[in-house]
Amino acid sequence: MKLTKYIIPALIGACGLLTTSCNDWLDVNTNPNTPTNAAAEYYQRLAHIQFYTNHAINIAGRPTEVITGDIVTNARTGTYGILGQWQFTAGTTVYFPTTTAYQWWYVGAACNLNDLISSAEKAEAYHYIGAAYVIKALGFALMNDLHGELPYNDALGENVTPFYDTGKEMFEHVLADLETGIEYLSMTQGPNAVALSANDAWGNGDVNKWIKFAYFLKARQLNKLSKKGNGSAADLKYDPAAILASLDKAMQSNSDNMTYRPTDTGNTPNDNLGWAEPTDWSGLFSVIGMNSGYYFPRTVYENLTNFGGYGVEDPRADKILTWAHANGQDATSAYQQTIKYSDNGLWRRTIGIDMVNDTNNPRLLNSGVQAPDAFVNGGFAITAVTGHDGDTVFIDQRSRSVGFQAQPNMFRYVVAGNDNSTLSGTFYTRATSPHFIGSYSEACFIRAEVLFNQGNKSEAFTAYKNGIKANIDAMNEQLNVWVNQDSRYATCPSFTPMEQADIDNFLNNGIGTAADITLGKIMTQKRIAMSFSPEKWNDMRRYDYDPEIFLNWKVPGEYYLNGSAQLNIPMGKYPRRAQVSSHEFNYNTAQLNAIGEKVPGATMTNGSYDGWWNAADMWTIPVWWDSNQN
């Protein structure tokens, strides 16, 4: 299992204290394919910046998926088990994503931006500058969403104790950087500049795609202002017209998606921040797919199998929910009536773990859910803990990789070489799963939300339906790739493409109509389409965790049994932000304390804001866009 590491003990939130490390992080050796900082060209930096930015998003996606209740871990007392109960301990300053995502952004990505921009300016490589500003906006928006206040203006300079920007200032900087990015992307490059396609791992050098991506990020950012009252976007008020205008210039089809596609070749060079993984690697596979103990809750199961009570299964259910090879003894369970088997009889699908109120929930009783650890008498078995034989109906998300782990395929084998002991994994967290950094699907759901809130149900429904279809089509594109890579994939419903008849049936009969469209349906379908995206947590905060908006979701049942969790999240409140990295409060304490008086909802102790960031319930302090602060 990949564990978070403190990569640089002296890290604070900026390059100031890390002048040497930030300037020399590429100093691996003298190989021309891994150049020193002094020799690194702007086009050589871009793919590395993209790798670490994507990883930061993926790493943040794991804990936010736990917080929003769309992923369940097996151990009640493990790090993510207690996080799923909304208990925040010292360990969560590492795991919720306050250290690793922060480091991957600041040290792996952001520290290279100024050098890229400077060298690209000299070469008149304006498209690289534009892409750098768009990535800068994306990365700092992620930090602002997670933590609120952090260094931005002073973050990448020489100051060893960089000052903090307020959450509002960070929000403004993000919008400004997007405008700057669009300006540079719209320029004609100099005659000797290297084409953006030389090292662009996200957009393949398509400048128009980058411009659309920038407008998409602008729409996403402006939509976060939904609590600020209607007005002009220029005044940081909620401005539906500005959001829709940005969407008009954003993605118009899946061909415009900004997608990172890991390749799982096992190639070097490895990353330089401590995990020693190839830089064509999948962050979600690293933190979810290759690890044990991550399951789907009943919320996800019900939304995929009977959305809105229409009785029509979502064709994505088979691709997102996990499967195990079907064996005779595995069918004996109190949950047998809910188990789905593949048409060929070779596979059985997981069911969801009830995190809310099921008195038979093995997670709430006796040691949590146990994964199969053996294959006995022709079937999966649990030998490590007694009394958990029935847990085999719950199938975790583990899979394997062909390149990095030298496995024959992406199935996880409980017993090496035994094809009857295989687990499928899930669509989004395999070694070669695409990561949709910005998608037409998400753009459609933002449009649907805005239009619905304007009272335009007809056009909102059209955008909503388009968003669902776009996500299905994007998944099918990858499924068609996988099923042609290995004949064994074609036997498993997790890998086979969705049939058009099933897609049509769901879109026509399983999602409702313009007459009965609700905001809850829009936001829940958006949630399904954005598995493992930190944006799901942003949406839940914007709508105050309203179960009418997020269908089948409720506060986790264990929270009500956990007194420590209720100290962190007092009754009636919700998780609103992540604590800053320990590197900040260990090495930049004065600036962190100083920003306290400008933090919406921070409390004073003994007449001072010193230590505001360490209060037991600081997790309930809203970030700026989630607050009523102007």
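**Close-up views of the predicted model**

**View 1. Asn568 counts as buried because its relative accessibility is only 7%.** Here buried means under 20% relative accessible area, exposed means over 50%, and partly exposed is anything in between (1.4 Å probe, protein chains only). This is a predicted model, in which local features need pLDDT of at least 70 and side-chain atom pairs count only at pLDDT 80 or more, while totals for chains, interfaces and linings use all residues. Residues are numbered from 1 along each chain as its sequence is written, and side-chain values use heavy atoms, with hydrogens and water left out. Asn568 sits in helix H19 (residues 563-568); helices (H or I, at least four residues) and strands (E, at least two) are DSSP runs, numbered from the N terminus. Leaving out residues up to four places away in sequence, Asn568 touches Trp86, Gln87 and Phe88, plus Ala616, Asp617, Trp619 and Thr620. A contact here is a pair of heavy atoms within 4.5 Å.

**View 2. Tyr543 lies in the loop between helix H18 (535-542) and H19.** Tyr543 is buried too, since its relative accessible area is 17%. Beyond its neighbours within four places in sequence, Tyr543 makes contact with Glu449, Asn453, Leu519, Met523, Ile549 and Phe550. Look for Ser226 as well: the two residues are 317 apart along the chain, yet their C-alpha atoms are separated by 9.0 Å.

**View 3. Gln50 is a residue of helix H2.** With 0% relative accessibility, Gln50 counts as buried. Setting aside residues up to four places away in sequence, Gln50 is in touch with Ile135, Asn199, Asp200, Ala201, Trp202 and Trp210.

**View 4. The largest nonpolar core takes in 176 residues.** A nonpolar core is a set of buried Ala, Val, Leu, Ile, Met, Phe, Trp, Tyr and Cys residues joined through side-chain atoms within 4.5 Å. The members that touch the most others are Trp105, Trp210, Phe213 and Tyr464. Helix H7 (residues 126-147) chips in the most, with 15 residues. Zoom in on Phe213 and, not counting neighbours within four places in sequence, you'll find contacts to Val134, Leu138, Trp202, Met251, Met258, Ile437 and Gly438. A second, separate core has 5 residues, among them Phe380, Ile395, Val414 and Leu423.

**View 5. The largest cavity has a volume of about 450 Å³.** Rolling a probe the size of a water molecule over the atoms shows where empty space is left. On a 1 Å grid over the protein atoms alone, a cavity is a set of points where a 1.4 Å probe fits but cannot get out, and lining residues have an atom within 4 Å of a point. Grid points are joined across faces, edges and corners, and the volume is the space filled by probe spheres set on them. The whole structure holds 4 cavities of 30 Å³ or more. In the largest one, 35 residues form the lining, with Ile57, Arg220, Phe436, Ile437 and Ser533 closest to the centre. H7 is the top contributor to that lining, giving 5 residues. By class, the lining splits into 19 nonpolar, 11 polar and 5 charged residues. For that tally, Ala, Val, Leu, Ile, Met, Phe, Trp, Tyr, Cys and Pro are nonpolar, Asp, Glu, Lys and Arg are charged, and the others, Gly among them, are polar.

**View 6. The second largest cavity holds about 140 Å³ of space.** Its lining has 16 residues, and Asp70, Val300, Ile528, Ser531 and Lys536 lie nearest the centre. Helix H12 (298-305) and helix H17 (519-529) are the elements giving two or more residues to this lining, with H12 supplying the largest share at 4 residues. The lining residues divide into 7 nonpolar, 5 polar and 4 charged.

**View 7. H12 is largely enclosed by the rest of the structure, because 6 of its 8 residues are buried.** The buried ones are Thr299, Val300, Tyr301, Asn303, Leu304 and Thr305. They pack against helix H13 (317-320), strand S5 (347-349) and H17.

**View 8. The chain as a whole has 21 helices and 10 strands.** Of its 630 residues, 62% are buried. The mean pLDDT (the predictor's confidence in each residue, from 0 to 100) is 88, and 88% of residues reach 70 or more. Take residues 1-32 with caution: pLDDT stays under 50 there.

Conventions: On a 1 Å grid over the protein atoms alone, a cavity is a set of points where a 1.4 Å probe fits but cannot get out, and a pocket is an open set with protein on both sides within 12 Å along at least five of seven lines; lining residues have an atom within 4 Å of a point.
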